[in-house]
Amino acid sequence: QVQLVESGGGLVQAGGSLRLSCAASGRTFGTDVICWFRQAPGKEREFVARIFVSDTSTYHDSVKGRFTISRDNAKNTVYLQMNSLKPEDTAVYYCAVTRTVSLDPLGMDYWGKGTLVTVSS
């Protein structure tokens, strides 16, 4: 069993930055793929970024060049640095763990409860 706790959300003006954290307990990340998803009001949950044990990362096109995912295995924590934030980035951000290459929310094994990011214009 893995427990994931996100933190770092908040209210920021457009163009600003936030850093989200996802701390895991229950087991170490090991070979897990750690993903960030987001869900805006009235919209489906969508993939944002993921990082593999090799530190290889992939991103949704809408956040490429603005968001950076990283992991600290010693702290069992994954981060999402979000720069140049836009109002359309407003959503609840979730971290999730999988042992597959799936980008589908249904392919995740564990989820955190999310942290709200609000970007004002």
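## Strand pairing around strand 11

Two strands count as paired if DSSP finds at least two bridges between them. Strand 2 (residues 10-13) and strand 11 are joined by four bridges, and the two run parallel. Within this pairing, Val 12 stands opposite Val 119 in strand 11. Please keep in mind as you read that this is a predicted model.

Strand 11 also pairs with strand 9, here in the antiparallel sense and over three bridges. Ala 91 is found opposite Val 117 of strand 11. Which way do the side chains along strand 11 point? They alternate: Thr 115, Val 117 and Val 119 are buried and point to one face, while Leu 116, Thr 118 and Ser 120 point to the other face and are not buried.

## The open sheet

Let us turn to another set of strands. Four of them make up an open sheet with the order 1-3-8-7, and their pairing is antiparallel. Strand 1 (3-7) and strand 7 (67-72) are the edges; each has a single partner strand, so one side of each is left without a neighbour in the sheet. From one strand to the next, the twist averages 15°.

At one end of that order, strand 7 pairs with strand 8 (residues 77-82) in the antiparallel sense, with six bridges. Thr 68 has Gln 81 of strand 8 standing opposite.

## Two nonpolar cores

How many residues does the largest nonpolar core have? It has 28, and Trp 36, Leu 80, Met 82 and Tyr 93 are those with the most contacts inside it. The elements giving two or more residues to this core include strand 3 (18-25), strand 4 (33-39) and strand 5 (46-51). Strand 7, strand 8, strand 9 (91-98) and strand 11 (115-120) do so too.

Met 82 is a good place to look around. Leaving aside residues up to four places away in sequence, Met 82 touches Gly 16, Ser 17, Leu 18, Leu 20, Arg 66, Phe 67, Tyr 93 and Val 117. A second, separate core has seven residues, among them Val 33, Cys 35, Phe 37 and Phe 52.

## Aromatic pairs around Phe 37

The structure holds three aromatic pairs. One of them is formed by Phe 37 and Phe 47, edge-to-face, with 6.0 Å centre to centre and 80° between the planes. This pair links distant parts of the chain, since Phe 37 is in strand 4 and Phe 47 in strand 5, 10 residues apart. Both Phe 37 and Phe 47 are buried.

Phe 37 also forms a pair with Trp 111, this one tilted, at 5.0 Å centre to centre and 55° between the planes. Here the link is between strand 4, which holds Phe 37, and strand 10 (residues 110-111), which holds Trp 111, with the two positions 74 residues apart in sequence terms. Are these partners buried or exposed? Phe 37 has a relative accessible area of 0%, so it is buried. Trp 111 has 28% relative accessibility and therefore counts as partly exposed. Taken together, ring pairs link Phe 37, Phe 47, Tyr 94 and Trp 111 into a cluster.

## Charges over rings

Trp 111 has a charged companion as well: Arg 45 lies over its face, 4.7 Å from the ring centre. Elsewhere in the model, the charged end of Arg 19 sits over the ring of Tyr 79, at 4.2 Å from the centre of that ring.

Note on methods
Residues numbered from 1 in each chain as written. Predicted model: local features only at pLDDT ≥ 70, side-chain atom pairs only at ≥ 80, totals over all residues. Heavy atoms only, no water. Axes fitted to C-alpha atoms, helices over the stretch in contact; angles between N-to-C directions. Core = buried A, V, L, I, M, F, W, Y, C linked by side-chain atoms within 4.5 Å. Buried < 20%, exposed > 50% of the residue type's maximum accessible area, 1.4 Å probe, protein only. Contact = heavy atoms within 4.5 Å. Phe/Tyr/Trp six-rings, centres within 6.5 Å; stacked < 30°, edge-to-face > 60°. Lys NZ or Arg CZ within 6 Å of the ring centre and 35° of its normal.
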